[in-house]
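User: I want the reasoning behind the labels in this structure. Please set each value against its cut-off and conclude.

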Amino acid sequence: MLIDAELVPAASGETFDNVSPATGQVLGSTAAAGAEDMLRAIAAARRGFDATDWSTNRALRQRCLEQLQQALESESEALREELVAEAGCPIATTRIAQLDWPLAEALRYPAHLIDEFPWERELEGGGLFGHRNVRTVVQEPVGVVGAICPSNFPIEVVLNKLGPALAAGNTVVLKPDPNTPWNATRLGRLVAERTDIPAGVVNIVPTPSNEVAELLATDPRVDLISFTGSTAVGRMLMRRGADTMKRTFLELGGKSALVVLEDADPRAALRSAAGVCVHAGQACAATSRMLVHRSIFDEMVAGVAAAFDGVAVGDPALPETIVGPLISAAQRTKVLDAYERAVRDGARLITGGGEPKDLPAHLTGGHYVEPTVFVCEDPSLSIARDEIFGPVLVMTPFADDDEAVRLANDSPYGLAGAVLSASAERGMAIARRVRAGAIGVNGGMFYGADAPFGGYKNSGVGRQCGLEGFQQYLETKTIGYRTPARR
C-alpha cells in the first residue's frame, strides 16, 4: 500500500489473493488494509491537504502530474499485461478504453486545465454608504477525496478520478476494487518513487473488507466520496455520508438502449449490437437493450443471433478474443441466474444462455458465460430492466419514433444510449429526447477526458471528466470587500 509517502504492508500483516478470472488460479497477493491502515491513510490525506502547499501550489501540481504521466508511460506494457491478467479484459480492449485512451488523456487534460481554468472572477456592485464594493468568487479544492474504484475498467477509472482531483488541489485516499488491486498499487509505487507528490497527497489502500472501505464514507475528515460502481452500493455510500454532509459523486449502473430505426444501416446495427459482448458485457454504458423498428425486427433478430454465435470467447490474452471471463465466480452465477429467470418470465431465448463449451483446458477454472440474446416484448421483465453486467442483449420492437423514445426512457437508469438512422437530424432529435447522460448517434463516440460522463436517475449523481468533472472536485467561495468612499 501507499500511505503517507511510504510503501507499506498492512499493519496486521494480512494479505488477500488476487485471482485470475480467466483461469481461476491465484496470481499473487496484495496487502489487506484493516481499519487502522485506512484511518492512517485518511489522517495522512488530511495533513497533506492542511499542512502542505499542495492545495495552493498549482505549478507543483502540474509538475507532479507530468512526472506521473511519464512514469506510467514507462511501464505501460507491464501495466497492459497486468490488466489482462487481473481484470480478464481482452487485450484488444487495452488498446482503447482499458488503457491507451485514458493513458493518453486522463492526467494530461486536467493538468492542462490548471493553467486554463478561471480560478477567480470579480463581481462589481452591492456596496453601502457610497463605498465601492467588490466581490471575488474563488474556486478552491474540496479537501480530502475518498475515491472508490470498480473492477471492470480499473485503471481507466482510477486515472479519471485521480487526475482531476489532484489537479484541482485535493488529496486522495484511493480504494481499488479487491478483484483488481495491482494496477492501483503499481500506480502507488510510481507516485512514491517517481514523483515529487508530497506525503499524504496520494494514498492507495486496497482491502477486501467493505467495513474498512465504508470508513471513507463515515469519517468526517473526508470531504467528498467519488465512487464508480453499482447503484446499490452508491445508495449505501450516500446514506453513510449523510451524517457528515459529505459531498458525493456517484457514477453508477445502466441499462442503456440502442435505438435502430427502419432506415439504419443493417451492418452498423449488427456491429453496435455486438458491442455488448466486449469485455463480457462488463461496462456500465453498454447498450444492453436493442430497440428495433418492427418492420425490420425479425431480420435484425436473425442477424444479431448469427453475429453473437460468431463472437470469439476465450483467453483474454489472445488478440482475437472479444468475450473474456466475468470478473468472479459470483458474477458468473449472477449472470446465469438472470438468464434462467428470463426464460421463466417468458422472454424468448434466441442464442446462448449458458456456459461456453469446448474451452481450452487451461481456462476451465475461469468465469465464462455465452454471449446471449433474448427477445422481450414486455419491458417490465427483469431481463429488460435490471443491469446484468454480462454479455446479454435484450431485443424489443417498436412502431414509431415516439414509442422508441418511450421505451428508451422506460428504465430506472439513464446512463448512456445510441441511435442509428440514415437521417442524422432524425437521430439527433431522438437523442435529445432520451433521458441519459451520454448518447452516440450513428457511431459517434462520446468518450474522452474532455467530455463529461455520468447519468440521470439511478445512474448517478454528478459527472466524471470534462470541465464539469473538474468542477466536481472544487468548492466555491465568495469574498466581498470594500474600498473607501469616493470623495
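User: What makes β5 and strand β6 a pair, and in which sense do they run?

Analyst: This is a predicted model, and in it β5 and β6 (residues 132–141) share 5 bridges. Pairing takes at least two bridges. Therefore β5 and β6 count as paired, in the antiparallel sense. One bridge joins E124 to V134 in β6.

User: Which sheet holds these strands, and why are β5 and β22 called edge strands?

Analyst: The sheet is open, has 3 strands and follows the order β5-β6-β22. Its pairing is antiparallel. β5 (120–124) and β22 (474–483) are the edges, as each pairs on one side only. On average, neighbouring strands here are turned by 20° against each other, direction ignored.

User: How is the sheet that contains β12 and β18 built?

Analyst: That open sheet has 7 strands, in the order β14-β15-β16-β13-β12-β18-β19. Its pairing is mixed. The edges are β14 (348–351) and β19 (438–441), each with pairing on one side only. The average turn between neighbouring strands is 20°, with direction ignored.

User: What makes β12 and β18 partners?

Analyst: The bridge count does. Strand β12 (residues 257–260) and strand β18 (residues 416–420) have 4 bridges, and the cut-off is at least two. Therefore they pair, and the sense is parallel. V259 has V419 in β18 as its bridge partner.

User: Which helices pack on this sheet?

Analyst: Helix α10 (residues 266–274) packs on it, touching β12, β13, β16 (392–398) and β18. The direction of α10 makes about 170° with that of β12. Helix α11 (residues 297–309) lies across β13, β14, β15 (372–375) and β16. α11 runs at about 170° to β16.

User: Why is M290 called buried, and where does M290 sit?

Analyst: M290 is in strand β13 (residues 289–293). Its relative accessible area is 0%. Buried means under 20%, so M290 qualifies. Beyond its neighbours within four places in sequence, M290 is in contact with residues including L258, V260, A269, A273 and M300. The C-alpha atoms of M290 and A418 are 9.4 Å apart, though 128 residues separate them along the chain.

User: What does the record say about E251, and is E251 buried or exposed?

Analyst: The unreviewed UniProt entry has an "active site" annotation that covers E251. The model gives E251 a relative accessibility of 4%. The limit for buried is under 20%, so E251 counts as buried.

User: What surrounds E251?

Analyst: E251 is in strand β11 (residues 247–251). Leaving aside neighbours within four places in sequence, E251 is in contact with F227, T228, G229, C284, L415, F453 and S459.

User: Why is β11 called largely enclosed, and which strand pairs with it?

Analyst: 4 of the 5 residues of β11 are buried, so the rest of the structure largely encloses it. Strand β10 (residues 224–228) pairs with β11 in the parallel sense, over 5 bridges. L224 stands opposite R247 in β11.

User: How do you know that C277 is in no disulfide?

Analyst: Distance settles it. The closest cysteine sulfur to that of C277 is in C89, 16 Å away. A disulfide needs the two sulfur atoms within 2.5 Å, so C277 is too far for a bond. C277 is also buried, with a relative accessible area of 0%.

User: What about C465, and how many disulfides are there?

Analyst: The nearest cysteine sulfur to C465 is that of C284, 11 Å away, and C465 is in no disulfide. C465 is buried at 9% relative accessibility. The count for the structure is 0 disulfides.

User: Why do the lengths of α6 and α7 agree with a helix?

Analyst: Take α6 (residues 154–167). Its 14 residues, at 1.5 Å a residue, should span 20 Å; the end C-alpha atoms are 20 Å apart, so the values agree. For α7 (residues 182–194), 13 residues should span 18 Å, and the ends are 17 Å apart, which agrees.

User: How covered are α6 and α7, and what follows α6?

Analyst: In α6, 14 of its 14 residues are buried. G169 follows α6, with a positive phi near 105°. In α7, the buried residues are N183, A184, R186, L187, G188, L190 and V191.

Key. Residues numbered from 1 in each chain as written. Predicted model: local features only at pLDDT ≥ 70, side-chain atom pairs only at ≥ 80, totals over all residues. Heavy atoms only, no water. UniProt positions renumbered as here; feature names shortened; annotations may be inferred. Helix = DSSP H or I, 4+ residues; strand = E, 2+ residues; numbered from the N terminus. Buried < 20%, exposed > 50% of the residue type's maximum accessible area, 1.4 Å probe, protein only. Contact = heavy atoms within 4.5 Å. Expected span 1.5 Å × (residues − 1). Axes fitted to C-alpha atoms, helices over the stretch in contact; angles between N-to-C directions.
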